[in-house]
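Got your viewer open? Let's take a walk through this protein, one selection at a time.

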Amino acid sequence: MGEIDWASLGSESWLEAIPTAQRGAVLTLIDAGKSEEEIAEIWLNRIGSELNAGFGAGGSISTYFSNFRDEIDAFVCGDARYAKEREQAKSIWEKQGRNGLVALVAGCIATNIGLAAVAVVPVVALFLSLIGKMGTGAY
C-alpha cells in the first residue's frame, strides 16, 4: 500500500479539521499575524493552568511544544516507530481526508507527549498545513 506523500497534501483547508471551538482561537492568532509554528508553540505552552503542573510524568508544560516537534518530525520524516501509523495514514487520507488524517496523527503524537489528542488537533492541522506548503524536504 505504501506511505502517504506528505508534500502532496497541500496547505489549503487544514483549519477545517480543527473543531469549531478551537478554530476561533487559532483564527484570532492568524489574524494577529502569527505563523503556524508560533501558533503551535503558543497553543501547547498554554495548555492548562500556569499554576499547575501537567498531568502524569510528562514534565514541564513548557516542554510540550519541543516534544511535539520531535514527534511530528518522527512521524512525517520516516522514523521506524511510526511505520505502521504512516501506512494507516495513507488509507485514512484516501477514505476520510483531512479530518481523519489529523485525528490519526494527533492520537499517535498526543500519546507520546502526555496530552489528550483533542489538545493536539489544532497543532497537528497547523503543522500539516505548513508541511504541505513547504514539502517534507524543506520542512
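Before you click on anything, here is one term to keep handy: a residue counts as buried when its relative accessible area is under 20%. Remember too that what you see is a predicted model.

**The whole chain**

Start by colouring by secondary structure. You'll find five helices and zero strands, so to speak a plain run of α-α-α-α-α along the sequence. Of the 139 residues, 41% are buried. Now think about contacts with a separation of 6 or more: 65% of them link residues 24 or more positions apart.

**Helices α3 and α4**

Next, select residues 64-77 for α3 and residues 83-113 for α4. Packed helix pairs in general are described by two things, the angle between the axes and the distance between them. Here the axes come within 9 Å and cross at roughly 140°. That angle makes α3 oblique to α4, and the crossing is right-handed.

Show side chains where the two helices meet. On the α3 side, pick out Y64, N67, F68, E71, I72, A74 and F75. Their partners in α4 are E85, R86, L104, V105, C108, I109, N112 and I113.

**Stop at C108**

Zoom in on C108, in helix α4. Is C108 buried or exposed? Its relative accessible area is 15%, so C108 is buried. Leaving aside neighbours within four places in sequence, C108 touches F75, Y82 and E85. Try a distance label from C108 to I72 as well: these two are 36 residues apart along the chain, and their C-alpha atoms are separated by 9.4 Å.

**Helix α5**

Now select residues 117-134, which form helix α5. How far apart should the ends of its 18 residues be? At 1.5 Å a residue the helix should span 26 Å, and the end C-alpha atoms are 25 Å apart, which agrees. Look along the helix to V123, where α5 bends by about 25°. Then switch on a surface for everything else: 14 of the 18 residues of α5 are buried, so this helix is largely enclosed by the rest of the structure.

**Last stop: E36**

Finish with E36, which lies in helix α2 (residues 36-45). At 15% relative accessibility, E36 counts as buried. Which residues is E36 in contact with, leaving aside its neighbours within four places in sequence? Select L126, S129, L130 and K133 to see them.

How values were computed:
Residues numbered from 1 in each chain as written. Predicted model: local features only at pLDDT ≥ 70, side-chain atom pairs only at ≥ 80, totals over all residues. Heavy atoms only, no water. Helix = DSSP H or I, 4+ residues; strand = E, 2+ residues; numbered from the N terminus. Expected span 1.5 Å × (residues − 1). Bend = angle between axes of the 7 residues up to and from the residue. Buried < 20%, exposed > 50% of the residue type's maximum accessible area, 1.4 Å probe, protein only. Axes fitted to C-alpha atoms, helices over the stretch in contact; angles between N-to-C directions. Parallel < 35°, antiparallel > 145°, perpendicular 65-115°, else oblique. Left-handed = near helix turned anticlockwise from the far one by under 90°. Contact = heavy atoms within 4.5 Å.
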